[in-house]
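Student: I would like to learn how to read the features of a structure like this one, step by step. Could we go through it together?

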Amino acid sequence: RLYGIDVQELTIWRPLADHALEHLSAGKLVSVEADAWWLPDTAGTDYRSKHTKTTIVLADIDLDARRLVYFHNAGCFELGGEDFAETFRLGKEDDPSYLPLFAEVVRSDRRVVRPLAELRAAARADLAEQFARRPTGNPVRRFAEAFERDLPLMRERGLAHYHAWAFAGTRQLGAAAELTARWLQWMSDAPGPAEQCAIDAFDRLSAGAKTFILKAARAVNSKKPMDVSAQFADLAAAWQRGIEIIGAHVGA
């Protein structure tokens with residue numbers, strides 16, 4: 001509604017490189033799962049060290065030169081050579097047990113460019129609909145219960161297991177809170193006192209989640225007793241405060 005971008009699932013029934021060439025040549029983009037092992041922008045974390053699934057957007061491809069330009073997270077990057085061959089499984093024999101990657105085609109030929117004021121007005125109108133989809137209870141409190149339940153197993157299995165756990169849960173909590181804060185901030189040139197309180201609450205939740213990732217890692221590694229009740233209480237209060245302010249704003 002805001003930008004006129006159309007995203008549809010793409011059925012991968014032939015080599016991914018063929019789909020990419022067809023759709024990119026037609027002015028579309030392709031969003032696809034990829035193995036971060038072969039993504040140079042993850043150097044220092046996953047590149048050539050750990051197989052992890054992530055999503056990239058293919059922007060430009062040259063099959064002859066084995067060159068790919070892609071978007072990942074907030075940046076635009078390039079890969080080639082062996083990274084290109086492995087990303088597109090070039091030279092691999094057909095494996096009937098290999099499941100195709102999930103992919104989407106992104107069309108922008110009906111892209112709409114709206115004035116900022118119109119975008120903000122549409123976003124504010126959408127806020128009530130988004131708010132109606134909020135969790136029925138405080139998710140941070142449930143997350144605290146999950147941490148207490150899972151901590152013994154994480155200590156038993158070590159840091160590698162913990163980091164996978166944190167990536168799937170704690171990191172998503174922090175990211176969702178930060179995106180909510182930035183969205184609320186973007187919707188107004190000068191947020192009022194109540195809006196600013198909501199922004200501050202979600203920023204506090206995001207920062208707290210980042211801090212918790214490091215503290216919990218130390219607790220898992222040292223196996224010493226860890227009382228996280230106060231920290232979780234603070235995070236839960238921040239979520240509740242932000243949600244209540246938004247609810248009052250939309251009249252819920």
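Tutor: We shall take the overall layout, then a helix, a helix pair and a pocket, keeping in mind that this is a predicted model.

Student: How many helices and strands does the protein have, and what pattern do they follow along the sequence?

Tutor: One begins by listing the elements in order. The secondary structure here comes to 8 helices and 6 strands, and, read along the sequence, they follow the pattern β-α-β-β-β-β-α-β-α-α-α-α-α-α. Taken along the principal axes, the C-alpha atoms fill a box of roughly 55 × 55 × 30 Å.

Student: What span is expected of helix α7, and what does it reach?

Tutor: The idea is to set the distance from first to last C-alpha beside the value expected at 1.5 Å a residue. Helix α7, residues 193–222, has 30 residues and reaches 43 Å, which is close to the expected 44 Å. Just after α7 comes Lys223, which takes a positive phi of about 65°.

Student: How are α4 and α8 oriented towards each other, roughly parallel or roughly antiparallel?

Tutor: For such a pair one looks at the angle between the N-to-C directions, where a value over 145 degrees counts as roughly antiparallel. Helix α4 (residues 139–157) and helix α8 (residues 229–250) pack at about 155°, with their axes 8 Å apart, and α4 is therefore roughly antiparallel to α8. On the α4 side the contact is made by Pro139, Val140, Arg141, Phe143, Ala144 and Phe147, and on the α8 side by Phe232, Leu235, Ala236, Trp239 and Gln240. By residue class, this contact divides into 9 nonpolar, 1 polar and 1 charged.

Student: Which residues lie nearest the centre of the largest pocket, and which element supplies the largest share of its lining?

Tutor: For a pocket, one asks about its space, its lining and the character of that lining. The largest pocket holds about 670 Å³ of space and is lined by 19 residues, with Asp46, Lys50, Thr52, Phe167 and Arg171 nearest its centre. Both β3 (53–62) and α5 (159–168) supply at least two lining residues each, and the largest share, 6 residues, comes from α5. In character, the lining divides into 7 nonpolar, 7 polar and 5 charged residues.

Technical notes: Residues are numbered from 1 along each chain as its sequence is written. This is a predicted model: local features need pLDDT of at least 70, side-chain atom pairs count only at pLDDT 80 or more; totals for chains, interfaces and linings use all residues. Side-chain values use heavy atoms; hydrogens and water are left out. On a 1 Å grid over the protein atoms alone, a cavity is a set of points where a 1.4 Å probe fits but cannot get out, and a pocket is an open set with protein on both sides within 12 Å along at least five of seven lines; lining residues have an atom within 4 Å of a point. Grid points are joined across faces, edges and corners, and a volume is the space filled by probe spheres set on the points. Helices (H or I, at least four residues) and strands (E, at least two) are DSSP runs, numbered from the N terminus. Ala, Val, Leu, Ile, Met, Phe, Trp, Tyr, Cys and Pro count as nonpolar, Asp, Glu, Lys and Arg as charged, and the others, Gly among them, as polar. Axes are lines fitted to C-alpha atoms, for helices over the stretch in contact, and angles run from 0 to 180 degrees between N-to-C directions. Angles under 35 degrees count as roughly parallel, over 145 as roughly antiparallel, 65 to 115 as roughly perpendicular and the rest as oblique. Contact means heavy atoms within 4.5 Å. The expected span of a helix is 1.5 Å times one less than its number of residues.
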